[in-house]
Amino acid sequence: MKIIKFVRQNRQFGILSILALFILLVALFAPVIATHNPYEAVLQDALQAPGKDHLFGTDVLGRDLYSRILYGTSTSISSAFILVSIIFIIGTGLGIIAGYFGGVIEGIIMRISDIMISFPDLILVIAIAGILGPSLGNAIIAITVVSWTKYARLARSLVLKIMQSDYIAAARLTGSKTSHILMKYLFPNILPILIVTAATDIGSIILQLASLSFLGFGAQPPTPEWGYMLSEGREFLQRAPWLLVFPGLAIFIVVVIFNLFGDSLRDILDPNIDKESKSLRKREKENEFKKDCKGTSRIHPSNWVIKWMWK
Amino acid sequence: MRYISTKGEKILSKKEIIQRLLQIIIVLFGVSFLTFSLTYLAPGDPAYAMYEANGVVPTQQMLESARQSMGLDKPFLMRYFTWLINCLQGNLGTSFFKHKEVAILLKDRLLPTIQLAFFSLLLTLIISIPLGIIAAIYKNRLADYIIRGLTFLGISMPSFWVGLLLLYIFALRLNRMPVISSEFGFQKLVLPAATLAIAMSAKYTRQVRAAVLEEINKDYVIGARARGIEENIILIKHILPNSMLPLITLLGLSLGSLLAGTAVVEIIFSYPGLGNLAVSAVATRDYPLIQGFVLWISLMYMSINLIVDISYKYFDPRIGKKEVRG
């Protein structure tokens, strides 16, 4: 009953979580819903237009596009979730260490993230992914290397804020162990904000992975992956426009749903998050926004511009 | 003594500018060392890859002589210092695959990249300023909703999909524009620039809207209105100049990355820009080219950021007038 009441109060969130759940189900049950084997090449069926046999048509090797897109959902969703969890764990872990223990470790971690934030994302990712060798695993490593710093900075500033509170001082005074303070007091307090950040990140991570695959530095054939499918379809633009329309549409829909889902999750969780933490998260968002404007520098006096934009 | 503007940002003093320049040099050393070690640690043998790319299966002897001529047989630090000394003398080395000097390869791509960067920024401004103003004036009315919906679409669509769709619609269906921009000219610039401009205008439109909305309720606007000045004149003479300031910062930032090359869009349209060169360099493990490119981007990025910081004073006379002890 509680759930029904909750959904009634947050209708937008309810609808979006159903849609997100639907995508997850598609990813999970792709083998059941698919009409064909996505790897099976039937050369005489090559480049068939969408029709009864092949809902979305076929590609140049005669593989069924509909089935490949369904399997592509699991490729994209699973790699995006793996990636977000890795970044989350590494970034949060290092951020907490930096914030709680300070000193040299903090210096090193923060300087590295300063360098990362003053570099164009995709270029660095391409360089790392390309040098390691093209594969989906290496693409995940490359994006991790570039993106963990965001969570580290956020976790660090949250820890620094909580450390000033009375209950931490009380815990210390009563002689609590470091591990006890970390697990019982720090972690539960910073978790909600970090989860919101992770949820709003899924969409852009899916996009990044797709663009890497599109450039040939991500998933390798014959893995069904949307970005790679688009780059394959590029050669047959004139003869087979469906190779271009459907994978692109799939990326677009999934990214939009996850972006909106993350936003509404934030709106719901936000009232429970106190003001100061909110402003910390906002600052991270500003950092990200600066990156979106494709250029940043740590010591940038344009900070007021960005602050003012996020009012 | 520090100069602090009315809005709180620091104005760079001469000393700080010199500090920033020093910082740029230090970061360049760091970046060059990092890329050098990355290429050293990377799996795969560029000598083998070179023969493979030319369709030859190399013998052991051929591989060794190729490694020698590429300088791959020397120890890591020695390779780095040789490269560094050459680099300081303006010699970035020779590409493994194109057998041309890296500096020349980069220079050849510079003009198309600059053209694409400026043209797409121009398009972005042409689209986003009017749309942003309209959205702000008709806040929460139909026009505003439509424009906001469009910006949402623009932000959510992956750029490679937009590029391919434009390619399909304009180049193939309408047969108006050349599909592949092998040599540059105004026409060949339009589609790649439009692809970049669609994503950027979505963001810029929101900024313009927010900027105009911020100014529209300020005291001086109400004052002007009270004096009976026409709405259009208030908009053009008072609101616009004030709300365009933050845009200059954004433009500087966007320019920095556009000049680093926009790999995805350049690949789609086979545009001969830096991003395209970088992707092919990475794909073929052309180490000297990768190093030269990364060095170039870092330099580009940091110098443009510095120039933007310095230029504030000139764009907004208010900044820097107020002197505060700090």
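**Helix packing within and between chains A and B**

Helix α11 of chain A (residues 242-269) and helix α7 of chain B (residues 159-173) have axes that come within 10 Å and cross at roughly 150 degrees, where axes are lines fitted to C-alpha atoms, for helices over the stretch in contact, and angles run from 0 to 180 degrees between N-to-C directions. The helices α11(A) and α7(B) are therefore roughly antiparallel to each other (angles under 35 degrees count as roughly parallel, over 145 as roughly antiparallel, 65 to 115 as roughly perpendicular and the rest as oblique). The crossing of α11(A) past α7(B) is left-handed, the near helix being turned anticlockwise from the far one by less than a right angle, whereas a clockwise turn counts as right-handed. The model is predicted, so that local features need pLDDT of at least 70 and side-chain atom pairs count only at pLDDT 80 or more, while totals for chains, interfaces and linings use all residues. Residues are numbered from 1 along each chain as its sequence is written, and chains are lettered from A and ligands numbered from 1 in the order in which they are written.

The secondary structure of chain A comprises 13 helices and zero strands, helices (H or I, at least four residues) and strands (E, at least two) being DSSP runs numbered from the N terminus. Within this chain, the axes of α4(A) (residues 65-101) and α7(A) (residues 136-163) come within 6 Å and cross at roughly 40 degrees, which makes α4(A) oblique to α7(A). This crossing of α4(A) and α7(A) is right-handed, and the residues of their contact divide into 20 nonpolar, eight polar and three charged (Ala, Val, Leu, Ile, Met, Phe, Trp, Tyr, Cys and Pro count as nonpolar, Asp, Glu, Lys and Arg as charged, and the others, Gly among them, as polar).

Of the 311 residues in chain A, 45% are buried, a residue being buried if 20 or more other C-beta atoms, placed from the backbone, lie within 10 Å of its own, exposed if 12 or fewer, and partly exposed in between. Asp201(A), in helix α9(A) (residues 178-215), is buried, with 23 other C-beta atoms within 10 Å; its C-alpha atom is separated by 7.7 Å from that of Gly262(A), 61 residues apart along the chain.

In chain B, the 36 residues of α5(B) (residues 102-137) should span 52 Å at 1.5 Å a residue, which agrees with the 51 Å between its end C-alpha atoms, the expected span being 1.5 Å times one less than the number of residues. Helix α5(B) bends by about 30 degrees at Leu110(B), and Pro112(B) follows within four residues.

Methods
Bend = angle between axes of the 7 residues up to and from the residue.
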